[in-house]
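Me: I should like to learn how to read a helix in a model. Please take me through one case.

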Amino acid sequence: MGRCFENGTHGIKTDVSRARDLYRLSAEKLCNEAMSNLAELHAKLLDFESAARWCDAAYKYGWPKAKVRSEYYRNLVKKLATSTASSTDKINLGSLLLEEFNIVTGHESPSMAVMVRKPSLNELISIPSPSPYVRSLIDAKKLLQLGLNSMVGDLKFAVQCFADAKRIPDSFLIIDTMEKEAIKLVVDRFIPITDIDSENFSLLAAPTSPDWHAQASYYEQKHAQFPNCFKFTTDLGCHTLGCGPAYHKQGLNYLHEAFQQLPKPNDDANPLAIDLLYNIGAGYRVNQQYEMAKKYFQRFLKHGPANGHRKVAEAYYQLGLSTYWLSQIEDKSQLLADMNQCISKGDIALKALPNFLHQETESPNRRLLMNKIKLLSISRPMIENGENYGGDVIEGPKRHPSLRSPKPYYLTLWRKNKAKYLKSLEENETKIATTLRLAKSTNTTRNLGSEKIEIASLSPASIDEMLSFMEDHIFTDKYIDCVVVTVPYFSGHSHQFIIEDSYRDPMQISIYNMSKNDAKLILPGIKIRLIQPYLRFAQDETIWFRVDKPEIELQLNEMQKLCWTCLKMLKK
């Protein structure tokens, strides 16, 4: 339900504040996915400190990926704290760095996106004025069709055709499901005899699983068996790069080795060399050797556009990124001009491609480059606080407006439960007497001594900060300023009501050992301060603040008139 309200799906209108309430209710039941969702929701709204705390909670309750994100959010908090940028710039800087983190390590990989669909031979042939690159894919498709037609009469020739098709760069873009099944069938039936048979067979038998390490291991074996095979050496280099930072240098070495296997290594116009130049440039970029990456992307772009290669747009985007990382940002205007030019040229190259080579989603490299451009020219307004109501009567930091509503769902549920509880007590007077007797005999308190605690020795905290701790805990070095937002009721052993802090986060509180006269002072709108708050995780899975000694742990302050229904401040 929380996801539906956050994303506005399944016919539900988007309501981020309602989504947060539902996530919190789920998190209180120790659902680690809800904790992770709370973290991501706070991060989207640039509250990275809260996001890090909820990531810690999610990791504590079994969500391993949350640890990496927690570390990133805390580093981001430090980076923004030490930044000399204005408040507006910091807001935008945080947003852009978060998006970059999601692109690179979260939901996407900074690589080529998946193509729309596999074209037929007739569709390829009908492309007007095909580029040399597209003509090479047409040749690969013809070889695949020839292999299909030869499977019954000449299996060896079919294997040769399929292998030659796979030797053509990017031929995987035009191999459809039927052709994949045919290649798989051939592999099951064919028995290699000669060395060339074995090389062709090995090309067809290459694994297609998403496991980079498994594929790299296969190509490493075949590279040892066929050391002069350009295709195996190239694929080994690319898949080794995909195994992670520890393998980047080794992957680059294999790609350079493949370059030396070309008939004319110095001929950059060779279609095989053009494709390899891009791969080497990308390899240097992921290895953070931006000077070398820029050099190889520039070499690629000398011949790639004329060839009509599909990676021309990506090369421009990556060239722009390399330019950014190499710059000292001394001349911001020139740097912006260079990066915008890379965007423009890349977009033109992308539009010139046939439809089947268009990507389903925007290029991650383009998004990354656009982020860098925005970082250099930020123009986003400050976030304004919303209407004053509820927790706004408490001084302190405010929650993002998207997370604030006049009638929190959490509070609505509490009122319903309270009404249900009181009704059950009215229906059973014996239960009231029993509850009172049990309260006197089983009530336990924590030992705080009898002396007042010095507030100066404590630091302010928020409800969200303490709740994300997600376990029974006494915060001996903290206090919370909050406001009462519901009418208290006596449950038979404690006075219970809801409070809200400056963020407008609600929490139930139970006060034990309070006289009836003192309880009459607890009204909606009264400001209170909790000293050394005790977050109680009860056995019945309820979570609340527990006050055992109100004369020590509770301070009552001035009264602010509130509407008890919508919690808006009443005019004086």
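Reply: Consider helix α14, residues 248-260 (helices, H or I of at least four residues, are DSSP runs numbered from the N terminus). Its 13 residues should span 18 Å at 1.5 Å a residue (the expected span is 1.5 Å times one less than the number of residues), and this agrees with the 19 Å between its end C-alpha atoms. This is a predicted model: local features need pLDDT of at least 70, side-chain atom pairs count only at pLDDT 80 or more, and totals for chains, interfaces and linings use all residues. Residues are numbered from 1 along each chain as its sequence is written, and side-chain values use heavy atoms, with hydrogens and water left out.

Me: Which residues of α14 are buried?

Reply: An α-helix has 3.6 residues a turn, so residues three or four places apart point the same way. In α14, the buried residues (under 20% relative accessible area, 1.4 Å probe, protein chains only) are H248, G251, L252, Y254, L255, A258 and F259. They lie on the same side of α14, because they cover an arc of only 160° around the axis (taken from the directions from the helix axis to the C-beta atoms). The face turned away from this buried side carries K249 and Q260, which are exposed (over 50%).

Me: What do the buried residues of α14 pack against?

Reply: They pack against α12 (212-225), α13 (230-241), α15 (271-286) and α16 (290-307).

Me: Which residues does T240 contact?

Reply: T240 belongs to helix α13 and is buried at 5% relative accessible area. Beyond its neighbours within four places in sequence, T240 is in contact (heavy atoms within 4.5 Å) with A216, Y247, Q250, G251 and Y254.

Methods
Helix = DSSP H or I, 4+ residues; strand = E, 2+ residues; numbered from the N terminus.
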